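Hi,

Here is the model I said I'd pass on. Have a look at it first, and then read on for what turned up.

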Amino acid sequence: DEKAPAATDVKSLAETVSGTYNGVLSIQMMGMPFSDTVAYNIKKVDDSHINLTIPSISYTSMEIPSVEISNVEVKGTASAATASVAEVEGTVVVEGEEKSYTLSNILVNCTDNKAVITYSIKYGKMPMPMSCSFEGTK
């Protein structure tokens, strides 16, 4: 007789996608491409929710601090999980100055140990949002 795996051996979807993903972030703004090697962190909140940490970005003379997006629902299967958020707004204090940000169209796709994360960010007084696309592995 083969035994089914014990419940403790089965990972939740959020646990399966949790981890640090290292790879390349590609940014487009006003036709100016830029890329950097960065790490994105995904942490399990509960069996079906994650926190996503978007790393800080140095783009031209701007330093955009990291942002955590909390309690994002994960759907799908262990081999093809997705998470999405329409929009997140907030403020951060940089060198004593409060700056606003808007992250929009956030999409996380995880397959096996790979992640593709896309979003747009409008930060401070930027005239237009930056389009960001990340591909990495854990």
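Which residue of S3 does isoleucine 42 stand opposite? Leucine 52 is the partner. Before I go on from there, please keep in mind that this is a predicted model.

**Overall layout**

The protein has 1 helix and 10 strands. Going along the sequence, the helix is followed by the strands, in the pattern α-β-β-β-β-β-β-β-β-β-β. If you want a box for your setup, the C-alpha trace spans about 65 × 25 × 25 Å along its principal axes. Of the 138 residues, 36% count as buried.

The main thing to look at is a barrel. It is closed by 8 strands in the order S1-S2-S3-S6-S7-S8-S9-S10, with antiparallel pairing. Neighbouring strands of this sheet are turned by 25° against each other on average, ignoring direction.

**Strand S3 and its partners**

Back to the strand from the opening question. S3 covers residues 49-54, and 6 of its 6 residues are buried, so the rest of the structure largely encloses this strand. The cover is on both faces: one side has His49, Asn51 and Thr53, the other has Ile50, Leu52 and Ile54, and all of these are buried.

S3 has a pairing with S2 (residues 32-46), antiparallel and made of 5 bridges. Isoleucine 42 and leucine 52 face each other across this pairing. S2 and S3 also form a hairpin, with 2 residues between them.

There is a pairing with S6 (residues 67-77) as well, again antiparallel and again with 5 bridges. Here histidine 49 of S3 stands opposite glutamate 73 in S6. His49 is one of the buried residues of S3, which may be worth remembering when you look at that spot.

**S9 and S10**

Further along, S9 (residues 114-123) and S10 (residues 130-137) run antiparallel and are joined by 8 bridges. Valine 116 stands opposite glutamate 135 in S10.

**Aromatic rings**

The structure holds 2 aromatic pairs. One of them is tyrosine 40 with phenylalanine 134: the ring centres are 4.3 Å apart and the planes are at 35°, so the pair counts as tilted. Tyrosine 40 sits in S2 and phenylalanine 134 in S10, so this contact ties together parts that are 94 residues apart in sequence.

Are these two rings buried or exposed? Tyrosine 40 has 0% relative accessibility and therefore counts as buried. Phenylalanine 134 is likewise at 0%, so that residue counts as buried too. With Tyr119 added, ring pairs link Tyr40, Tyr119 and Phe134 into a cluster.

**The cavity**

How many cavities of 30 Å³ or more does a search of the whole structure find? The search gives 1. About 40 Å³ of space lies in the largest cavity. Its lining consists of Val17, Ile42, Ile50, Val74, Ala81, Thr82, Ala83, Val108 and Cys110. Two of these names have come up already: Ile42 stands opposite leucine 52, and Ile50 is one of the buried residues of S3.

The elements that give two or more residues to this lining are S7 (80-94) and S8 (97-111). S7 provides the largest share, with 3 residues. By class, the lining has 8 nonpolar residues, 1 polar residue and no charged ones.

**The pocket**

About 240 Å³ of space lies in the largest pocket. The pocket is lined by 13 residues, and Glu97, Lys99, Tyr123, Gly124 and Lys125 are the closest to its centre. Two or more lining residues come from each of S5 (62-64) and S8. S8 gives the most, with 4 residues.

What is the make-up of the pocket lining by class? There are 4 nonpolar, 3 polar and 6 charged residues, whereas the lining of the largest cavity has no charged residues. S8 turns up in both places: this strand gives two or more residues to the cavity lining and 4 residues to the pocket lining.

That's what I have for now. Shout if anything is unclear.

Cheers

How values were computed: Residues are numbered from 1 along each chain as its sequence is written. This is a predicted model: local features need pLDDT of at least 70, side-chain atom pairs count only at pLDDT 80 or more; totals for chains, interfaces and linings use all residues. Side-chain values use heavy atoms; hydrogens and water are left out. On a 1 Å grid over the protein atoms alone, a cavity is a set of points where a 1.4 Å probe fits but cannot get out, and a pocket is an open set with protein on both sides within 12 Å along at least five of seven lines; lining residues have an atom within 4 Å of a point. Grid points are joined across faces, edges and corners, and a volume is the space filled by probe spheres set on the points. Ala, Val, Leu, Ile, Met, Phe, Trp, Tyr, Cys and Pro count as nonpolar, Asp, Glu, Lys and Arg as charged, and the others, Gly among them, as polar. Two strands pair if DSSP finds at least two bridges between them. Axes are lines fitted to C-alpha atoms, for helices over the stretch in contact, and angles run from 0 to 180 degrees between N-to-C directions. Buried means under 20% relative accessible area, exposed over 50%, partly exposed in between (1.4 Å probe, protein chains only). Rings of Phe, Tyr and Trp (its six-membered ring) pair if their centres lie within 6.5 Å; planes under 30 degrees apart count as stacked, over 60 as edge-to-face and the rest as tilted.
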